Amino acid sequence: MSGAKPRMFRSIFISDVHLGSKAAKAEFLIDFLRHHDADTIFLVGDIVDGWRLRRSWHWPQAHNDVVQKLLRKARKGSSITYIAGNHDEFARQFQGVHFGGIVVADRAVHETADGRRMLVIHGDQFDTVVHNARWLAYFGDYAYDAAMLINRGVSRFRKVFGMPYWSFSSWAKVKVKKAVNFIGSFQEVLTEEARRSEVDGVICGHIHHAAIETVDDVQYINTGDWVESCTAVVEHFDGRFEILHWAHVMPEAMQAEPVLVPVTFDALPKKVRAAEAA
């Protein structure tokens, strides 16, 4: 794909990049943005990790490069909306403000090419732990850091032996019963919010679990993340949604081009099995 024109889509949805944390896969995201473009881009929350930046400052050049790459796309004509999440909740005070062509919002409604209306929201607003037991959310954040340390160790081991990127924490999430139950509950709450908002579906992030499913009459789409699974959701020009996985070992280690594994809506298994397929 070196030197090739970017693949064009009608829309791209990215969430949970967590710039400012050591776990962020900024280089992977830069690579993805280099090879993909769209008329409309939604940043669906937790793009910057304000929680971790408050604890200790971590902002390498690659994180700055992600920001510059997005600003460059905005300058070239892409419509970019930054939906605030819980880790970048500071952005909610700037709703409606434009920064270098990127507009900040708490939620948005996106109309697809085939005329459907999709609520775009991070999803933390419907996480009772985040809102009712904030200390527990912070504790969970520390536990998540520990899981990311294990992830980095596993990734280094696999890189040494020429194996592709694989997320231990993502694998563990779909194996632990309570996590699976939480994911199912999250889907139900978000699809109910879509019904209340009188739209055809919801596109969210927050739980780092990419999926495209239909719950009764509502389409539920989760963009995943760029910490564990390195996924984005794209809308084709016919209105069809697709999950793209950009999880690969960097070319210097693999001496190979990135591997793109598409998962289409029609091919996805039901419920949590979709995450295992991812």
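Let me start with one contact. The backbone nitrogen of H206 lies 2.9 Å from a polar atom of the side chain of D16. Keep in mind that this is a predicted model.

So where is D16? The residue sits in the loop between β1, residues 7-14, and α1, residues 26-35. Now look at the side chain again. D16 also makes a polar contact with the side chain of H208, at 3.1 Å.

Is D16 buried or exposed? Its relative accessible area is 0%, so D16 is buried. What covers a residue like that? Here are its neighbours, leaving out residues up to four places away in sequence. D16 touches G45, D46, I47 and H122. It also touches G205, H206 and H208. Then come G224, D225, W226 and V227.

Next, the backbone. Most residues other than glycine have a negative phi. D16 is not a glycine, yet its phi is positive, about 50 degrees. D46 does something like it: phi is positive there too, about 55 degrees, and D46 is not a glycine either. D46 is in the loop between β2 and α2, residues 50-55. At 1% relative accessibility, D46 counts as buried, because the cut-off is under 20%. And remember, D46 is one of the residues that D16 touches.

Now the helix after the D16 loop. How many of the 10 residues of α1 are buried? The count is 8, so α1 is mostly covered. The buried ones are A26, F28, L29, I30, D31, F32, L33 and H35. What covers them? The cover includes strands β1 and β2, the latter at 36-44. It includes helix α3, at 61-75. And it includes β11, at 231-235, and β12, at 241-245.

Let's go back one step, to β1. R10 lies in that strand. R10 is partly exposed, with a relative accessible area of 24%. Its side chain has a polar atom 3.0 Å from the backbone oxygen of E111. The contact list for R10, again without residues up to four places away in sequence, covers several stretches. A38, D39 and T40 are on it. So are H110, E111, T112 and A113. E235, H236 and F237 are there too.

Here is a nice example of folding on paper versus folding in space. R10 and R240 are 230 residues apart in sequence. In space, their C-alpha atoms are 9.8 Å apart.

R240 brings us to salt bridges. How many are counted in this model? The count is 13. Let me walk through some of them.

Start with R240. Its side chain meets the side chain of D238 in a salt bridge, 3.8 Å from N to O. R240 is partly exposed, at 35% relative accessible area. D238 is partly exposed as well, at 48%.

Next, R116 and D114. Their side chains form a salt bridge at 3.2 Å, N to O. R116 counts as partly exposed, at 22% relative accessibility. D114 is also partly exposed, at 43%.

Now D49 and R52. Their side chains meet at 2.3 Å, N to O. Are these two buried or exposed? Both D49 and R52 are buried.

There is also a network. E192, R195, D216 and D217 are linked by salt bridges.

What about disulfides? The count is 0. There are cysteines to look at, though. C204 counts as buried, at 0% relative accessibility. C230 is buried too, with a relative accessible area of 0%.

Last stop: the surface. Which residues make the nonpolar patch of about 330 Å²? They are F90, F94, V97 and F99. Take F94. It lies in the loop between β3, at 79-83, and β4, at 98-99. F94 counts as partly exposed, because its relative accessibility is 34%.

To recap. D16 is buried, and its side chain contacts the backbone of H206 and the side chain of H208. Helix α1 is mostly covered. F94, in contrast to D16, is partly exposed, and it belongs to a nonpolar surface patch. That's my tour.

Terms used: Residues are numbered from 1 along each chain as its sequence is written. This is a predicted model: local features need pLDDT of at least 70, side-chain atom pairs count only at pLDDT 80 or more; totals for chains, interfaces and linings use all residues. Side-chain values use heavy atoms; hydrogens and water are left out. Helices (H or I, at least four residues) and strands (E, at least two) are DSSP runs, numbered from the N terminus. Buried means under 20% relative accessible area, exposed over 50%, partly exposed in between (1.4 Å probe, protein chains only). A polar contact is a pair of N or O atoms within 3.5 Å; within protein, one must be able to donate a hydrogen and the other to accept it, and residues adjacent in sequence count only if both atoms are side-chain atoms. Contact means heavy atoms within 4.5 Å. A disulfide is a pair of cysteine sulfur atoms within 2.5 Å. Patches are made of residues with over 30% relative accessible area and no salt bridge: like charges are joined within 9 Å, nonpolar side chains (Val, Leu, Ile, Met, Phe, Trp, Tyr) within 5 Å. Accessible areas come from the Shrake-Rupley method with a 1.4 Å probe; for residues, only the protein chains shown count as cover. A salt bridge is a side-chain nitrogen of Lys or Arg within 4 Å of a carboxyl oxygen of Asp or Glu.
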